[in-house]
Amino acid sequence: MSEEPRRRRAPAMSPEDRREAIVQATLPLVVKAGANVTTSQIAAAAGIAEGTVFRVFKDKAELLDACIQRALHSDEEVARLAAIPADVPLEERLTAGVATFSGYLDRMWGVIGALRESGYHPRDEDHKKHKGPPIGMQQLSEEVAGLFGDADLRVSPDLAGRMLLGAVFTNRMGSGFGQTEAEPAAIVELFLHGALKGETNE
């Protein structure tokens, strides 16, 4: 009688990879339940035993703080914008920049807003000490400035980038007042060409 082949164990994750996997599994749960998410729900979503959560994080608060930090990171968005070829038309480049930045805001505000609404306040000291926009947002602003390339601008690319992203913020705020948000292409068109119609002969 032949013996059944032994199942091979999946290779063990490094502590960093395990930490990232747990954070990634937790993020969508936080958006839905805020700080009320349980570690048993997190473990089920990550496909691990609940005790493994506490071998990686000392408590749930540390995990929630890690989720905030992950939501603030913009490495993926920065890489996406850096990969846009320089020969793509300016309006298309900027439209991609606005869409990517909007996605970043969705993720960041989704996590932080859900935690705030559930009464959670970050315990992470670095998060409390940091002043000004999140570093991830600053990196995105710099990348958007680079999208202007060699365009003939009336202002510096940095200022143009900040003003464009300011329009994105204003557009997103409008949804809180029941207004329909403008699409990324419409924001870029308005930013580049203004709100006034061209002169007529009438």
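The legends below describe close-up views of a predicted model.

**View 1. The overall fold of the predicted model is built from helices, with no strands.**
The secondary structure of the protein comes to 10 helices and zero strands, and, followed along the sequence, the pattern reads α-α-α-α-α-α-α-α-α-α. The protein has 202 residues, of which 33% count as buried. Among contacts with a separation of 6 or more, residues 24 or more positions apart account for 72%. The protein exposes about 13,300 Å², and carbon and sulfur atoms supply 53% of that area.

**View 2. Helix 6 spans residues 90-117, and G119 follows just after it**.
Helix 6 contains 28 residues and reaches 39 Å from its first C-alpha to its last, which is close to the 40 Å expected at 1.5 Å a residue. Just after this helix, G119 takes a positive phi of about 85°. Several residues of helix 6 return in the views that follow: F101 lies in this helix, as does W109, and so does R107.

**View 3. Helix 8 spans residues 135-146 and contributes several buried residues**.
With 12 residues, helix 8 reaches 17 Å from its first C-alpha to its last, close to the 16 Å expected at 1.5 Å a residue. Which residues of helix 8 are buried? They are G136, M137, L140, S141, V144 and A145.

**View 4. Aromatic rings of helix 6 and helix 9 pair at F101 and F169**.
The structure holds four aromatic pairs. In the pair shown here, the rings of F101 and F169 have their centres 5.6 Å apart and their planes at 80°, so the pair is edge-to-face, the angle being over the 60 degrees that this class requires. Because F101 lies in helix 6 and F169 in helix 9, the pair ties together parts of the protein that are 68 residues apart in sequence. The two partners can also be described by their accessibility: F101, at 1% relative accessibility, counts as buried, whereas F169, with a relative accessible area of 26%, is partly exposed.

**View 5. F169 also pairs with W109, and ring pairs link four residues into a cluster**.
W109 and F169 form a tilted aromatic pair, with 5.8 Å from centre to centre and 50° between the planes. W109 lies in helix 6 and F169 in helix 9, so this pair ties together parts that are 60 residues apart in sequence. At 36% relative accessibility, W109 counts as partly exposed. Taken together, ring pairs link F101, Y104, W109 and F169 into a cluster.

**View 6. R70 and E76 form a salt bridge that belongs to a network**.
Side chains of opposite charge can pair when their charged atoms come close. The structure holds five salt bridges, and in one of them R70 pairs with E76, the closest N and O atoms being 3.0 Å apart. Is R70 buried or exposed? R70 is buried, because its relative accessible area of 16% falls under the 20% cut-off, while E76, at 46% relative accessibility, counts as partly exposed.

**View 7. A salt bridge joins R107 of helix 6 to E77 of helix 5**.
The side chains of R107 and E77 meet in a salt bridge, at 2.5 Å from N to O. R107 lies in helix 6 and E77 in helix 5, which covers residues 75-82, so the pair ties together parts that are 30 residues apart in sequence. R107 is partly exposed, with a relative accessible area of 23%, whereas E77 is buried, with a relative accessible area of 5%.

**View 8. E181 and R172 meet in a salt bridge, and a shared-partner network is found elsewhere among the salt bridges**.
The side chains of E181 and R172 come within 3.2 Å, N to O, in this salt bridge. At 31% relative accessibility E181 counts as partly exposed, while R172, at 14%, counts as buried. Salt bridges that share partners join E20, R70 and E76 into one network.

**View 9. A nonpolar patch on the surface is formed by V155, L159 and M163**.
Together, V155, L159 and M163 have about 250 Å² of accessible area. Of these residues, L159 lies in helix 9, which covers residues 157-174, and L159 is partly exposed, with a relative accessible area of 31%.

How values were computed
Residues numbered from 1 in each chain as written. Predicted model: local features only at pLDDT ≥ 70, side-chain atom pairs only at ≥ 80, totals over all residues. Heavy atoms only, no water. Patch = residues over 30% accessible without salt bridge, like charges linked within 9 Å, V, L, I, M, F, W, Y side chains within 5 Å. Areas by Shrake-Rupley, 256 points an atom, 1.4 Å probe, with all protein chains shown as cover. Salt bridge = Lys/Arg side-chain N within 4 Å of Asp/Glu carboxyl O. Helix = DSSP H or I, 4+ residues; strand = E, 2+ residues; numbered from the N terminus. Buried < 20%, exposed > 50% of the residue type's maximum accessible area, 1.4 Å probe, protein only. Expected span 1.5 Å × (residues − 1). Phe/Tyr/Trp six-rings, centres within 6.5 Å; stacked < 30°, edge-to-face > 60°. Contact = heavy atoms within 4.5 Å.
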